[in-house]
Amino acid sequence: MNEERNRIRRGEMVRGKTQMRRIENATSRQVTFSKRRNGLLKKAFELSVLCDAEVGLVIFSPRGKLYEFASSSMQEIVERYKRHSKDKVQPENQAVGQNMQHLKHETASLMKKIELLDTSKRKLLGEGLGSCTLEELQQIEKQLERSVSAIRARKMQVFREQMDRLKEKEKALAVENAMLREKFGGLQQRQTSSGEKEGEVICIEGGSDKSDVETELFIGPPDECRIRRPLQN
């Protein structure tokens with residue numbers, strides 16, 4: 001901390017992290033450009049001397065002024081760069097060209113297949129048969145027969161599946177019907193037994209002239225007292 005204060009007192013600037021964005025002040029921007037340009041040119045020169053590298057550097061200022069550095073000849077460096085770029089781009093162009101040729105062949109093959117399928121479809125529908133030979137017509141006939149056989153087989157299979165489903169429904173309905181009959185029979189039996197209990201009626205007759213009361217038991221509906229059983233004293 002004391003060292004930093006001493007450096008500030010001596011007029012030394014403490015370097016901070018530079019933000020990578022455009023400098024808004026024109027004067028500061030020009031000063032920074034000049035400093036960084038000179039530093040970049042110096043680094044390019046050092047790189048060419050220390051490492052024996054062929055270096056070419058081109059800089060345009062914001063006003064369009066050109067600054068350049070070349071370790072040998074700028075024209076030779078540019079020509080070498082063009083040759084290198086051409087050699088690098090050529091294999092990529094060759095790969096693209098080969099892919100294009102492959103795609104063209106595949107497209108042509110698919111178009112031929114589509115055309116053949118369309119022709120075969122029209123012949124199966126009975127169209128365009130004028131140019132067919134006897135062998136071609138026989139092949140078309142056999143193909144149609146195979147198609148009809150396959151359609152009939154599938155039709156019979158669907159029919160059998162529907163019959164099986166109907167039989168299963170019939171069995172389920174029969175079981176349900178039996179259960180309903182059983183329930184209905186039990187209900188009817190209970191109603192009959194309850195009706196018989198309600199049909200037992202006791203009829204009592206009395207006389208005003210007799211001192212003793214005679215009672216008789218009548219079994220049956222109230223309207224018809226068919227069975228009479230005298231009560232014993």
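Let me start with Phe69: at 17% relative accessibility, this residue counts as buried, because the cut-off for buried is under 20%. What you have in front of you is a predicted model, so please take each value as computed from that model.

Burial is worth a word for the chain as a whole. Of its 233 residues, 7% count as buried. There are four helices and four strands, and from the N terminus the order is α-α-β-β-α-α-β-β.

Back to Phe69. The structure holds two aromatic pairs. In one of them, the ring centres of Phe45 and Phe69 are 6.3 Å apart with the planes at 85 degrees, so this pair is edge-to-face. Phe45 belongs to helix α2, residues 26-50, and Phe69 to strand β2, so the contact ties together parts that are 24 residues apart in sequence. How accessible is Phe45, in relative terms? Its relative accessible area is 48%, so Phe45 is described as partly exposed, since exposed would need over 50%.

Now the strands around that pair. Strand β1 covers residues 56-60, and strand β2 covers residues 66-70. In which sense do β1 and β2 pair? The pairing is antiparallel, over five bridges. Together they make a hairpin, with five residues between the two strands. Gly64 sits in the turn and has a positive phi of about 95 degrees.

As a reminder, in a regular strand the side chains alternate between the two faces of the sheet. Strand β1 shows such alternation. Leu57 and Ile59 point to one face and are buried. Gly56, Val58 and Phe60 point to the other face and are not buried.

Take Ile59 and look across to the partner strand. Which residue of β2 is its bridge partner? That is Tyr67. Tyr67 has a further contact: the charged end of Arg37 sits over the Tyr67 ring, 4.3 Å from the ring centre.

Last, a part of the surface further along the chain. Met156, Phe159, Met163 and Leu166 make a nonpolar surface patch of about 390 Å². Met163 is located in helix α4, which covers residues 134-198. Is Met163 buried, partly exposed or exposed? With a relative accessible area of 35%, Met163 is partly exposed, and this residue can be counted in the patch because patch residues need over 30% and no salt bridge.

To close where I began: Phe69 is buried, and its ring partner Phe45 is partly exposed.

How values were computed: Residues numbered from 1 in each chain as written. Predicted model: local features only at pLDDT ≥ 70, side-chain atom pairs only at ≥ 80, totals over all residues. Heavy atoms only, no water. Patch = residues over 30% accessible without salt bridge, like charges linked within 9 Å, V, L, I, M, F, W, Y side chains within 5 Å. Areas by Shrake-Rupley, 256 points an atom, 1.4 Å probe, with all protein chains shown as cover. Salt bridge = Lys/Arg side-chain N within 4 Å of Asp/Glu carboxyl O. Buried < 20%, exposed > 50% of the residue type's maximum accessible area, 1.4 Å probe, protein only. Pairing = 2+ DSSP bridges. Phe/Tyr/Trp six-rings, centres within 6.5 Å; stacked < 30°, edge-to-face > 60°. Lys NZ or Arg CZ within 6 Å of the ring centre and 35° of its normal.
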